[in-house]
Amino acid sequence: MNIRNSKYNKPLEAYFEKIASAAVEDMILNMGPQHPSSHGVLRLELITDGEIVKEVIPHIGYLHRCFEKHGESLTYQQTIPFTDRMDYLASMNNSHAWVMGVERMLGIDKDIPKRIEYIRVLVCELNRIASHLIAIGTYGIDIGAFTPFLWCFRDREHIMGMLEWASGSRMLYNYIWVGGLFYDLPVGFEERCREFVDYFKPKMVELNQLLTDNQVFISRTANVGVLPLDVAINYGCSGPMLRGSGLKWDLRRIDGYSIYPELDFDIPVGTGLMGAVGDCWDRYKVRVDEIEQSLKMIEQCLDRLQNELKRTPDFDPRAKLPRKITPKAQDYYVRCEGAKGELGFYFMADGRSEIPTRVRARGPSFNNLSVLPELAKGVMIADLIAIVGSIDFVLGEVDR
Amino acid sequence: MSFEDIKLLLTEKFGADVIVGEETGGLQPALLIDPDHIADVCLELRNNPNTYFDFLSCITGVDYGVEAGRFGVVYHLASIPYKTQLTLKVSKENDRNEDNLPTFPSVTSVYRTADWHEREQYDMLGIFFEGHPDLRRLLLPDDWEGFPLRKDYTTLDKYYKGIKID
């Protein structure tokens, strides 16, 4: 190892010491890196006293793929596929945020045709539903309910099929481009999407009957992992995690980006219906309610896409693509509401090159997960599984 | 509170030399803060009922390049009650020696979310945060050498722990 100022090694030594001394009195338990409830590669080091978790030390980075380095080595357009691989369950939302940031830096965000914006929001909301379905389904599995998982995946498959039809890929779309779209929607997409909405609405009622109001499920999640609002804000939690704690904070409404101001939707928040405000059940319920709101938005998008913004033969979604993307020298931080919360990209452009000098991605899962040591203090190990599941993180975004 | 009002508020509270400059060219104006005061400034901006920047969106470490010999940190604050955003920047000259990392005060005492953000910046760029409770590497293994997001970072080794690297 290099000769290093010993000041920089102190925290590591302190950590080793803590683990060594904890191993004498308490038990060190490794949950992960391959634990079924972590939905990815996350290692939680638990210091336990019998069945009680005294401390959780998360170890992340197993899925680190140098997103920021890629962003600093490739042009703005070339990085879009890499954004898809951050939160790979809601790729459309990621590329939408990236593209929006670049368009605002170029100053072309106001010239994007309405039809393109509506298609973007349509596919983003479809993808948000798919992401929430996974959150709900796998949360059921974590707690011991297998059927909701299969039902959610069955319905998610329809969304995957539709998005594959539009973009050519099931999960990593590269569909939203700077200044436009890869392709227009395929002929018949709107009708197929409407069929899906009509099919899916009763399925949500079924799902609610099966899981949301299930007494076993409520007993496992209500009053567990209560996250007070001030703690949530201080830890930078966002999305369903923050709304579950009872704050109406949705960037789609606050910032009003894209065409969201033209859509009518509600912001569901946790109310503490089954226990305390901000418990696992509240976070789960916010996601269920958001699916309904997304369906509402999809219907409004479809109404406009089938009427005043109808497909015309000469419509070219690539017409506004800039030839060369060289923004003026500036810094810009763009934030938008991804499926998991506030998704942000920070660009530093030098004004000469097509490649940004610094790119930073702020993943919502990263911040939401960082609150786990606080939430998990003094809970039972079985409750820790319920808490981890209710955070709904994607390791691709935590590690980037 | 507008950008000018925030400037006035900070200079009244901490003196004129707390703000060393500003960037107003782009879409989002940024305040350049004196590095030693950043934690106090964040605390004041969070607690003052007129600003109330209670949400730290993001912390970004920046390597300004080998010629510039500067490192910086960018803070993106957001206020939930006022629905406003603010960018703060600090920067410092540094000789890129690994025994002498650029050091800034930690804001973990103000925003707990800064904990992981600062660990990541330490991990990737080798920026040391004074006063951080647990500044270990976050994404890379504990025994990793060098800081990958620095502009002069190169991997000379052909092998990492016996695994060949192309």
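This report describes a predicted model with chains A and B, taking the overall form of chain A, a helix pair, a hairpin and the contact of the chains in turn.

## Overall form of chain A

In chain A, the secondary structure comes to 16 helices and eight strands. The radius of gyration of chain A is 22 Å, and because this is close to the 21 Å that the globule rule gives for 400 residues, chain A is as compact as a globular protein of that length. Along its principal axes, the C-alpha trace of chain A spans about 75 × 60 × 35 Å.

Buried residues account for 48% of the 400 residues in chain A. Of the contacts in chain A with a separation of 6 or more, 71% are between residues 24 or more positions apart.

## Helices α4 and α5 of chain A

Helix α4 of chain A, formed by residues 91–106, packs with helix α5 of chain A, formed by residues 114–143, at an angle of about 140°, and the axes of the two helices are 7 Å apart. That angle makes α4(A) oblique to α5(A), because angles over 145 degrees would be needed for the pair to count as roughly antiparallel.

On the side of α4(A), the residues that take part are Ser91(A), Met92(A), Asn93(A) and His96(A), and they meet Arg120(A), Val123(A), Cys124(A), Asn127(A) and Arg128(A) in α5(A). By type, the residues of this contact of α4(A) with α5(A) divide into three nonpolar, four polar and two charged.

## A hairpin in chain B

In chain B, strand β1, which covers residues 19–23, and strand β2, which covers residues 30–33, run antiparallel and are joined by four bridges. Within this pairing, Glu23(B) stands opposite Ala30(B) in β2(B), and the connection from β1(B) to β2(B) is a hairpin through six residues.

## Where the chains meet

The contact between the two chains takes 37 residues from chain A and 35 residues from chain B. On the side of chain B that touches chain A, at least two residues each are supplied by β3 of chain B, residues 55–63, and by α3 of chain B, residues 114–125. The strand β3(B) gives the most to that side of chain B, with six residues.

Sorted by type, the residues of the side of chain B that touches chain A divide into 17 nonpolar, eight polar and ten charged.

Notes: Residues numbered from 1 in each chain as written. Chains lettered and ligands numbered in written order. Predicted model: local features only at pLDDT ≥ 70, side-chain atom pairs only at ≥ 80, totals over all residues. Axes fitted to C-alpha atoms, helices over the stretch in contact; angles between N-to-C directions. Parallel < 35°, antiparallel > 145°, perpendicular 65-115°, else oblique. Contact = placed C-beta atoms within 7 Å. Nonpolar A, V, L, I, M, F, W, Y, C, P; charged D, E, K, R; others polar. Rg over C-alpha atoms; globule rule 2.2 N^0.38 Å. Buried ≥ 20, exposed ≤ 12 C-beta atoms within 10 Å, placed from the backbone. Pairing = 2+ DSSP bridges.
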